[in-house]
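Me: I should like a close look at a single part of this structure, namely its aromatic rings and their surroundings. Please describe how they are arranged and where they sit in the fold.

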Amino acid sequence: QVRLVESGGGLVQTGGSLRLSCVASGLSFSSYSVGWFRQAPGKDREFVAQLRWRGSNVYSADYADSVKDRFTISRDNAKNLLYLQMNTLKPEDTAVYYCNAQGDLGAYWGQGTQVTVSS
């Protein structure tokens, strides 16, 4: 059974930083494309960042324009962990952040972690 569990969300002031983590189990983590999405109240879920698997432990990173140069996605395949380092946070970054894994056997989601940025 595939499971993704996020952590690290919380309340932070504008300009602050948070690091989200997602631990995966039940899948061959290193061969999955993994990423982060977010959903603000009243809005659709949107893409934030992804590490796309290119084969042979090669990954390419993509970011939404709204977070480029502020957020950094990374992974630790040995620990089945995905991270999202979020710097210079803005009130518009307030949302529930979801971990996502996509591979040949399907796509999976975590339960989400709340990030609130106060102005």
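Reply: A convenient place to begin is the strand pairing that carries one of the rings. In this predicted model, strand S9 (residues 95-103) and S10 run antiparallel and are joined by four bridges. The connection from S9 to S10 is a hairpin through two residues. Within this pairing, Ala101 stands opposite Tyr108 in S10, and Tyr108 leads directly to the aromatic pairs.

A pair of aromatic rings is described by two quantities, the distance of the centres and the angle of the planes. Rings count as paired here if their centres lie within 6.5 Å, and by this rule the count comes to three aromatic pairs. One of them is formed by Tyr32 and Tyr108, with 6.3 Å centre to centre and 45° between the planes. This pair is classed as tilted, because its angle is neither under 30 degrees, as for stacked rings, nor over 60, as for edge-to-face rings. The two tyrosines link distant parts of the chain: Tyr32 belongs to the loop between strand S3 (18-25) and strand S4 (33-39), whereas Tyr108 belongs to strand S10 (residues 106-109), and they are 76 residues apart. Their exposure can be stated for each ring in turn. Tyr32 has a relative accessible area of 5% and is therefore buried, the limit for that class being under 20%. Tyr108 has a relative accessible area of 23%, so this residue is partly exposed.

Another pair consists of Phe37 and Phe47, which meet edge-to-face, at 5.7 Å centre to centre and with 75° between the planes. This pair also links distant parts of the chain, since Phe37 lies in strand S4 and Phe47 in strand S5 (residues 46-55), 10 residues apart. Phe37 counts as buried because its relative accessibility is 16%. Phe47, at 29% relative accessibility, counts as partly exposed. Neither phenylalanine stands alone with its partner, for ring pairs link Phe37, Phe47 and Trp109 into a cluster.

Charged side chains also take part in the surroundings of the rings. Arg45 lies over the face of Tyr98, at 3.7 Å from the ring centre. Similarly, Arg75 lies over the face of Phe29, and here the distance from the ring centre is 4.6 Å.

The setting of these contacts is the fold as a whole. The protein chain has 11 strands and zero helices, so its elements, read from the N terminus on, run β-β-β-β-β-β-β-β-β-β-β. Its radius of gyration is 14 Å, which agrees with the value near 14 Å that a compact globule of 119 residues would have. Taken along the principal axes, the C-alpha atoms fill a box of roughly 40 × 25 × 25 Å. Of the 119 residues in the protein chain, 40% are buried. Among contacts between residues at least 6 apart in sequence, 53% join residues at least 24 apart. The accessible surface comes to about 6,300 Å², and 46% of this area belongs to carbon and sulfur atoms.

A residue outside the ring pairs may serve for orientation. Ala61 lies in strand S6 (residues 58-63) and, at 41% relative accessibility, counts as partly exposed. Not counting residues up to four places away in sequence, Ala61 touches Gln50, Leu51 and Ile73. From Ala61 to Thr116 the separation is 55 residues in sequence and 25 Å in space, C-alpha to C-alpha.

Definitions and conventions: Residues are numbered from 1 along each chain as its sequence is written. This is a predicted model: local features need pLDDT of at least 70, side-chain atom pairs count only at pLDDT 80 or more; totals for chains, interfaces and linings use all residues. Side-chain values use heavy atoms; hydrogens and water are left out. Rings of Phe, Tyr and Trp (its six-membered ring) pair if their centres lie within 6.5 Å; planes under 30 degrees apart count as stacked, over 60 as edge-to-face and the rest as tilted. Buried means under 20% relative accessible area, exposed over 50%, partly exposed in between (1.4 Å probe, protein chains only). A charge sits over a ring if NZ of Lys or CZ of Arg is within 6 Å of the ring centre and within 35 degrees of the ring normal. The radius of gyration is taken over C-alpha atoms; the globule rule is 2.2 Å times the number of residues to the power 0.38. Contact means heavy atoms within 4.5 Å. Accessible areas come from the Shrake-Rupley method with a 1.4 Å probe; for residues, only the protein chains shown count as cover. Two strands pair if DSSP finds at least two bridges between them.
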